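Hi,

Here is the structure I promised to pass on. Have a look at it first, and my notes on what turned up follow below.

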Amino acid sequence: MSAAVSLPIPEAPDPKRYVAEVTRASGSSFFLPMMLLPREKREAMLALYAFCRETDDVADEIEDPAESRALIDAWRGEIRALYQGMPRHPVTKALAVPVERFGLAEKHFMEILEGFEMDGGGAMLRPTLAELERYCHCVAGCVGLLSVEIFGYRARSIPTFAGHLGQAFQLTNILRDVAEDAKRGRIYLPQELLAKQGLADIKPEAIGRTPGVEKVCRSLGGMARRHFGAASEALPRSERRSMRPAILMRSVYEAYLDRIERAGFPVAGRRIRFTATQKLRLVTGGLLRTI
């Protein structure tokens, strides 16, 4: 069991400004689509993203697994405090009004923390397909499920849309970061696909120089494509406008997957990136498809 630790509380007189600065500083593709939302929804999404950013950093930046688990537990306590009306951190203070206004479920925040705990606890080293699906649900699908509540919708298929899009986004992220993740001792490529290539016991340090890994990545890319397709099927035309931010995000992530595929699913070398201008062009193209 993790030793209890207190959650560090930064000095931030204005929680809304704090979460906006966290999001802007990240350089994420997330920022621009959210700027198109009305103020209340935009502020809610910035708070949600800041929560994900700060809790993800616990898993990614803290090398001691025990310390990482303890801080995740501290964040769980802070989420419970949020739902009891007593938030202390600027991120949870910024979330207080959105949680009430948009009916955001506590369990999804807890599942996000579960996913980041999987990262910090070493579970993401050749996970099973079931474990990978659960991980993607936690760190991306749950973000999508919270996001669509903020966007607002009527069609009952929208949570399904959000779940598939979250899976597709996270699988694309994994394909972008194979080499970088290996340096951290993580291999998100699933056991079953690795075993088909005779790589069931591959070590992180061997990822970038072992033939067959790119074939595993190609299979994972196929999984991402199927989730993108399922997301399209779950999105009725009547909801395209309400789901505009998600569609704009999709335009960027699907373009990443296109480029990875054209490059032959590389597992070494520089991470595939888009410039700010390229992202703007992709988002603009996505915007036209929602009109």
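**Cysteines first**

Cysteine 52 is buried, with a relative accessible area of 11%. Keep in mind that this is a predicted model. The closest cysteine sulfur to that of cysteine 52 belongs to cysteine 142 and is 9.6 Å away, which is too far for a bond. Cysteine 138 is in no disulfide either, and its nearest cysteine sulfur, again in cysteine 142, sits 5.5 Å away. Cysteine 138 is buried too, at 0% relative accessibility. For the structure as a whole, the disulfide count is 0.

**Helix α4 and the core**

Helix α4 runs over residues 65-83. Its 19 residues should span 27 Å at 1.5 Å a residue, and the end C-alpha atoms are indeed 27 Å apart. At the N-terminal end, aspartate 64 acts as a cap, with a side-chain oxygen 3.1 Å from the backbone nitrogen of alanine 66. Just past the helix, glycine 85 has a positive phi of about 80°.

Quite a few α4 residues are buried, among them Leu71, Trp75, Ile79 and Leu82. What covers the buried residues of α4? The cover includes α3 (39-61), α5 (90-102) and α6 (106-120).

The largest nonpolar core has 91 residues, and Phe51, Phe109, Phe161, Leu189 and Leu220 have the most contacts inside it. Helix α7 (residues 129-151) contributes the most to this core, with 12 residues. Phenylalanine 109 is worth clicking on: beyond its sequence neighbours within four places, its contacts include Phe51, Ile79, Tyr83 and Leu146.

**Salt bridges**

There are 14 salt bridges in the structure. Here are three of them.

- Arginine 39 pairs with glutamate 43 at 3.6 Å, N to O. Both are in helix α3, 4 residues apart, or about one turn. Arginine 39 is partly exposed at 48% relative accessible area, and glutamate 43 is partly exposed at 22%.
- Arginine 101 pairs with glutamate 40 at 3.7 Å, N to O. The arginine is in helix α5 and the glutamate in helix α3, so this bridge ties together parts 61 residues apart in sequence.
- Glutamate 111 pairs with arginine 134 at 3.3 Å, N to O. This one links helix α6 to helix α7, so it ties together parts 23 residues apart in sequence. Glutamate 111 is buried at 15% relative accessibility, whereas arginine 134 is partly exposed at 32%.

Lys16, Arg39 and Glu43 also form one network through salt bridges that share partners.

Cheers

Terms used: Residues numbered from 1 in each chain as written. Predicted model: local features only at pLDDT ≥ 70, side-chain atom pairs only at ≥ 80, totals over all residues. Heavy atoms only, no water. Helix = DSSP H or I, 4+ residues; strand = E, 2+ residues; numbered from the N terminus. Expected span 1.5 Å × (residues − 1). Buried < 20%, exposed > 50% of the residue type's maximum accessible area, 1.4 Å probe, protein only. Contact = heavy atoms within 4.5 Å. Polar contact = N/O pair within 3.5 Å; in protein donor to acceptor, adjacent residues only side chain to side chain. Core = buried A, V, L, I, M, F, W, Y, C linked by side-chain atoms within 4.5 Å. Disulfide = S-S within 2.5 Å. Salt bridge = Lys/Arg side-chain N within 4 Å of Asp/Glu carboxyl O.
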